[in-house]
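Here is a friendly walk through one protein model, from its nonpolar interior to its charged pairs. Please keep the sequence and the 3D view at hand as you read.

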Amino acid sequence: ASTLHTGIGGRHYYLARELTKLGHKVYLIASSYTHLLHHPPKFKDSVKIESIEGFHFVWINMPKYKDARSKQRVLNWFLFTWRLLRLPKMINDNPDVILASSPAPFLFIGAKYLSNFYKSTLVFEVRDLWPLTLTEIGGYSPKHPFIYFMQLVEDSAYKYSDIVLSNHQNAFKYMVTRGMNIDKFFWIPNGFDKDELFKVERLSTSTEKLLPKNKFIVGYLGTLGAVNALDDFIESAEFLKNESEIALVLVGEGKRKEFLQKKAVKLNLKNVYFIDRIPKLQTQAMLTYFDVCFVGTLKSKLYDFGIASMKIPEYMASERPIIHSTSSLSSVVSKANAGIIVPSNSPQEIAEAIIKLKNMSILERNKMGQNGRKYALENYDYEKIAKRLSDVL
């Protein structure tokens with residue numbers, strides 16, 4: 001979790017803010033360092049509490065680490081859990097509800113201790129199905145001792161939590177196989193901040209200059225990671241070499257960025273552009289330069305349980321048609337009639353979808369974009385999502 005200053009804000013920042021508006025007193029407790037923070041807070045005390053937008057942001061001081069695969073990151077999972085146990089000495093309020101949010105499930109141990117201490121309702125929120133993601137996509141064996149231990153903790157969380165939440169709509173289908181009572185489950189999706197649609201910052205002049213001119217732009221904005229199927233997106237550009245009016249733009253940072261850049265050079269792709277990460281409040285400004293937005297997932301049965309991409313609500317809010325490359329049968333892009341669905345691992349079909357959208361009339365593309373925006377405002381506005389969460393609690 002982060003503030004708008006330290007990172008991108010994101011799910012918990014917006015939920016905390018909106019729950020506060022509904023009259024709840026909220027403490028958002030997070031690590032002072034993760035690899036996803038752009039500007040980690042710096043302080044010497046073990047805990048720093050600051051008031052932001054009416055709620056309390058509680059930073060727990062944690063060691064830095066190099067990257068997502070660092071051993072220190074794994075140690076931090078356990079250290080964070082241990083340091084949670086100090087909170088009763090630092091926070092005077094007795095919480096009615098404690099919500100512990102994964103992916104790494106170990107913080108459930110600390111949250112369970114606190115819920116017993118305070119006699120509070122305990123909520124376990126699953127944003128990524130770990131360890132299933134690590135075995136399905138990461139290639140780890142379910143029999144690996146660490147994965148096995150993680151599975152034990154996850155199973156305990158399903159058993160001993162009062163409520164289980166997930167941003168994956170069909171996650172309950174997996175959770176019941178791990179012993180969860182289905183009556184505990186509630187879907188609380190990712191969303192977007194409606195206010196940010198009207199607080200758009202202009203792109204910097206230097207960023208604007210990097211965008212291709214007089215092109216039909218198909219863009220991706222977000223983390224350049226392995227799970228985002230960007231290899232397929234890059235490879236689709238090979239099938240578009242003769243389409244001189246089309247350009248592919250990738251905006252962001254991530255572990256795969258250098259690999260993807262080298263791949264574009266190796267394939268001699270002149271129609272692919274890379275732009276560095278932009279501030280959160282410039283997201284919608286960037287999306288206005290895109291004619292079409294791309295989002296992808298790897299081919300995996302993991303996505304049968306739903307797709308919780310934060311990009312899709314933002315893309316929909318921008319009124320841009322979307323190409324969604326996925327093996328999931330439950331894409332909201334299809335449900336909202338907001339774009340074109342193609343199978344995962346299919347660069348040629350991505351290219352064909354791009355050409356199809358380019359050849360459509362502006363009115364047809366605008367209609368898809370309007371469908372997406374309408375669906376997003378009805379289902380993914382954090383104000384409404386927070387109300388849903390409040391009702392559940």
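Leaving aside its neighbours within four places in sequence, which residues is Ile-354 in contact with? Before the answer, please note that this is a predicted model.

## The nonpolar cores

With neighbours within four places in sequence set aside, Ile-354 is in contact with Phe-216, Val-218, Ser-236, Leu-240, Ile-246, Leu-248 and Ile-323. Ile-354 also belongs to the largest nonpolar core, a set of 56 residues. Together with Phe-233, Met-286, Phe-290 and Met-316, Ile-354 is among the residues with the most contacts inside that core. Another core, of 30 residues, lies apart from the largest one, and its members include Ile-98, Phe-108, Ala-111 and Leu-302.

As general background, nonpolar side chains in soluble globular proteins tend to be buried together.

## Ser-156 and its surroundings

Phe-108, one of the residues of the 30-residue core, leads us to Ser-156. Leaving aside neighbours within four places in sequence, Ser-156 is in contact with Phe-108 and Ser-161. You will find Ser-156 in helix 6, which covers residues 145-160.

Is Ser-156 buried, partly exposed or exposed? Ser-156 counts as partly exposed because its relative accessibility is 28%, and partly exposed residues fall between the 20% and 50% limits. Try a distance in your viewer as well: the C-alpha atoms of Ser-156 and Gly-179 are separated by 8.8 Å, with the two residues 23 apart along the chain.

## Cavities inside the model

Rolling a probe the size of a water molecule over the atoms shows where empty space is left. The count here comes to three cavities of 30 Å³ or more. The largest cavity holds about 190 Å³ of space. Its lining has 18 residues, and the closest to its centre are Trp-187, Ile-307, Ala-308, Val-332 and Tyr-380. Sorted by class, the lining of the largest cavity has eight nonpolar and 10 polar residues, with no charged ones.

The second largest cavity has a volume of about 80 Å³. Unlike a lining with no charged residues, the lining of this second cavity has four charged residues, alongside four nonpolar and two polar ones. Phe-192, Asp-193, Glu-196, Leu-197, Lys-280, Leu-281, Thr-283, Gln-284, Glu-314 and Ala-317 make up that lining. Helix 11 (283-287) and helix 12 (311-317) each supply at least two of the lining residues.

## An open pocket

Next comes the second largest pocket, with a volume of about 190 Å³. The pocket is lined by Leu-4, His-5, Gly-7, His-38, His-39, Glu-201, Arg-277, Ile-278, Pro-279, Lys-280 and Leu-281. By class, these are four nonpolar, four polar and three charged residues. Lys-280 and Leu-281 appear in the lining of this pocket and in that of the second largest cavity.

## Salt bridges across the chain

Side chains of opposite charge can pair when their charged atoms come close. How many salt bridges does the structure hold? The structure holds 22 salt bridges. One of the pairs is Asp-93 with Lys-25, at 3.0 Å from N to O. These two residues are 68 apart: Asp-93 is in the loop between helix 3 (87-90) and strand 4 (97-101), and Lys-25 is in the loop between helix 1 (10-21) and strand 1 (27-31). Asp-93 is partly exposed at 27% relative accessible area, while Lys-25 counts as exposed at 59%.

Asp-381 and Lys-194 form a salt bridge too, with the closest N and O atoms 3.4 Å apart. Asp-381 sits in the loop between helix 15 (362-379) and helix 16 (382-392), and Lys-194 in the loop between strand 7 (185-187) and helix 8 (205-210), so this pair ties together parts that are 187 residues apart in sequence. Asp-381 is buried, at 3% relative accessible area, whereas Lys-194 is partly exposed, at 30%.

## A helix pair and a network

Glu-235 and Lys-263 meet through their side chains in a salt bridge of 2.4 Å, N to O. Because Glu-235 lies in helix 9 (residues 230-236) and Lys-263 in helix 10 (residues 257-266), the pair ties together parts that are 28 residues apart in sequence. Here Glu-235 is partly exposed, with a relative accessible area of 25%, and Lys-263 is buried, at 16%.

Finally, Arg-17, Glu-18, Lys-21 and Asp-193 are linked in a network of salt bridges. Asp-193 is also one of the residues that line the second largest cavity.

Technical notes
Residues are numbered from 1 along each chain as its sequence is written. This is a predicted model: local features need pLDDT of at least 70, side-chain atom pairs count only at pLDDT 80 or more; totals for chains, interfaces and linings use all residues. Side-chain values use heavy atoms; hydrogens and water are left out. On a 1 Å grid over the protein atoms alone, a cavity is a set of points where a 1.4 Å probe fits but cannot get out, and a pocket is an open set with protein on both sides within 12 Å along at least five of seven lines; lining residues have an atom within 4 Å of a point. Grid points are joined across faces, edges and corners, and a volume is the space filled by probe spheres set on the points. Ala, Val, Leu, Ile, Met, Phe, Trp, Tyr, Cys and Pro count as nonpolar, Asp, Glu, Lys and Arg as charged, and the others, Gly among them, as polar. Helices (H or I, at least four residues) and strands (E, at least two) are DSSP runs, numbered from the N terminus. A salt bridge is a side-chain nitrogen of Lys or Arg within 4 Å of a carboxyl oxygen of Asp or Glu. Buried means under 20% relative accessible area, exposed over 50%, partly exposed in between (1.4 Å probe, protein chains only). A nonpolar core is a set of buried Ala, Val, Leu, Ile, Met, Phe, Trp, Tyr and Cys residues joined through side-chain atoms within 4.5 Å. Contact means heavy atoms within 4.5 Å.
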